[in-house]
Amino acid sequence: MNQRPGPHKPRPRLVTKTQGNCMGSTPAIKSPGYAALLGGALFLCFFPFLPEQGAATLSLSLFLTALLAALFLYPLLRGWVDGQVDLFHPISFAVLAYLFPNYVIKSLYLLFHGWPEGQSSCPLYLPQYQLMALLLVLLAYLALALGYWLRLGERLGQMLPAPPHFPLDPGESRGLLLALFLGGYLLIYVLAATWSGFYEREHETTWRQLSCIGYYCFFLMAFLYFRHPAAAPRLKLPLLFMAVITAAFLLTSGSRYALLMHIMYFLGAWQFARGRGLSRSTLLKALAVPIILLPLVLVISTNYRLVAYKNYGSRSHETASKRIDNFSEAIVKTLNSNVSENVDFAYEILINRLPGLDTLIVVLSAGPQAKALERAFGIDNNIPDDLFWMLVPRLFYPEKPIMMERGKYFGYIYWGQPLSIYSFPALTPIADLYRFGGVLALFVGMLVMGIFLKVVRTWLIGKEGQVGAYAALFYIYLITPLRGAFESSYTSLFFVTSRCLVVLYSFVLLIYLCYLLLNRPSVSSKKAIYRQPPA
């Protein structure tokens, strides 16, 4: 055999190590190239179909859209190449749940279909404003990724006390979780059946937040089911019962957002019970569920809302009989339409439910008269005001301003919506920061949001080791509100986080006290409730 003399040295493999990036220290072999290829393919596929009028501006907008698509998909592709994709990594979840559909898909829609029907009048010079909006989105995303990349968030997260952890045995917890689940959903039903309106924000009290007990119990039951395969046969029936009750409440709530979020909660329990990421085949299965269910959920839930308002004038005093009647009529209405009509209906709903780029365009085109109206309504300094009032519990100060009240003023100023309704178009953090302080406020605000997400990630998940049940519960219920926060004002994420922490700690304390009262041998009063879970 013809071989060169000397010691054999294998040819080095081309692997690039990246440190401290948005996905951690993992090998990135081909994912930058994949992202660039996808961005280039997106640009080349859509470029021939651009309208001729304003071709130069539209071409730049399409190029920026392709660039954003490549940047958004890059973290996911790196996980795909590495073989483990963390579906609930803060950056990945923000991309999948909001950034990609609400900016990339919405930008393509505006480029080829124009301004959506049913919204406010189309702004003049739409192509120019779209180009400016895409540049601001690019800056916002880079600031968000930079904030997450900085070591400051990791250091702050390591300074926080360890998340709650004490033994949660599948056999002993089954009955307790089921009892608390029924109590939580009973409270949800009583509140929905007795309140005089769905948007009655003066009743947004601690009691409504404590009704989340049912949601938390369902998450923990699903987590135990997937974490302990040996105990799965004993947990299957209680988990199925919880799933049926949850689905019944969600399908008769008319809330499309709540349905989507509960699918995310279930997927979160599935992922962190099995490990810290999903394999490629498992990821495809996980994403297939919401993708397949999304059109059906949109059509049925929207028909339910329309039927409820037609029959009763509002979604108030939703008793069991009302829920069943409205849902039956919504199903009949859906079945009476053919497949193409339902698909068109779902498409129209989806386009109108992707607030992001269009909101920023409206803010850019509003002009100085919008600022004058903000000052007249007293909402021009909403961000520092909201951050201050976030620290004041409503329990101790009932006159605390309601964020929903301020939101309807923005809907009136920028979208021309009547002040008498609460269902207003979303403001979004990017548009909120820009209208508050321009480019500088946008960069600083998104940088702070990135640092905040890194703090949450470091505190609850860390870099290695098995994720505990309560750490996973806290993390999922603090990260999944990103979907709703990106459709609201900038401060909504911090406000929701502070409120969720109070409710989550109250729930964990309730579980602990129930164990003590039941005199379970696996937990004693001498054991500390807060300690780091074993790796």
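## Helix H5: two faces

Arg151, Arg155 and Met159 are exposed, and they sit on the face of H5 turned away from its buried side. This picture comes from a predicted model. The buried residues of H5 include Gly153, Glu154 and Gly157. Viewed down the axis of H5, the buried residues fall within an arc of 100°, so they line one face of the helix. What do the buried residues of H5 pack against? Their partner is helix H18, which covers residues 429-460.

A general rule of helices helps here. An α-helix has 3.6 residues a turn, so residues three or four places apart point the same way.

## A nonpolar patch on the surface

Leu152, Leu156 and Met159 make a nonpolar surface patch. Its area is about 300 Å². Leu156 belongs to helix H5, which runs over residues 151-159. Is Leu156 buried, partly exposed or exposed? Leu156 has a relative accessible area of 36%, so it counts as partly exposed. Met159 appears twice in this account. Met159 is one of the patch residues, and Met159 is also an exposed residue on the face turned away from the buried side of H5.

## Pro116 in its loop

Where does Pro116 lie? Pro116 is in the loop between helix H3 (90-113) and helix H4 (126-149). Pro116 is buried, with a relative accessible area of 3%.

Now look at the contacts of Pro116, leaving aside neighbours within four places in sequence. Pro116 touches Lys106, Tyr109 and Leu110. Pro116 also touches Ile351 and Asn352. Along the chain, Pro116 and Asn352 are 236 residues apart. In space, their C-alpha atoms are separated by 7.4 Å.

## Cysteines without disulfides

A disulfide is a covalent bond between the sulfur atoms of two cysteines. How many disulfides does a search of the whole structure find? The search finds zero.

Take Cys500. Why does Cys500 form no bond with Cys212? Cys212 holds the closest cysteine sulfur, but that sulfur is 6.9 Å from the sulfur of Cys500, too far for a bond. The cut-off used for a disulfide is 2.5 Å between the sulfur atoms. Cys500 is buried, with a relative accessible area of 15%.

Cys514 is in no disulfide either. The nearest cysteine sulfur to Cys514 is that of Cys217, 9.2 Å away. Cys514 counts as buried, at 16% relative accessibility.

Note on methods. Residues numbered from 1 in each chain as written. Predicted model: local features only at pLDDT ≥ 70, side-chain atom pairs only at ≥ 80, totals over all residues. Heavy atoms only, no water. Patch = residues over 30% accessible without salt bridge, like charges linked within 9 Å, V, L, I, M, F, W, Y side chains within 5 Å. Areas by Shrake-Rupley, 256 points an atom, 1.4 Å probe, with all protein chains shown as cover. Salt bridge = Lys/Arg side-chain N within 4 Å of Asp/Glu carboxyl O. Helix = DSSP H or I, 4+ residues; strand = E, 2+ residues; numbered from the N terminus. Buried < 20%, exposed > 50% of the residue type's maximum accessible area, 1.4 Å probe, protein only. Contact = heavy atoms within 4.5 Å. Arc of directions from axis to C-beta.
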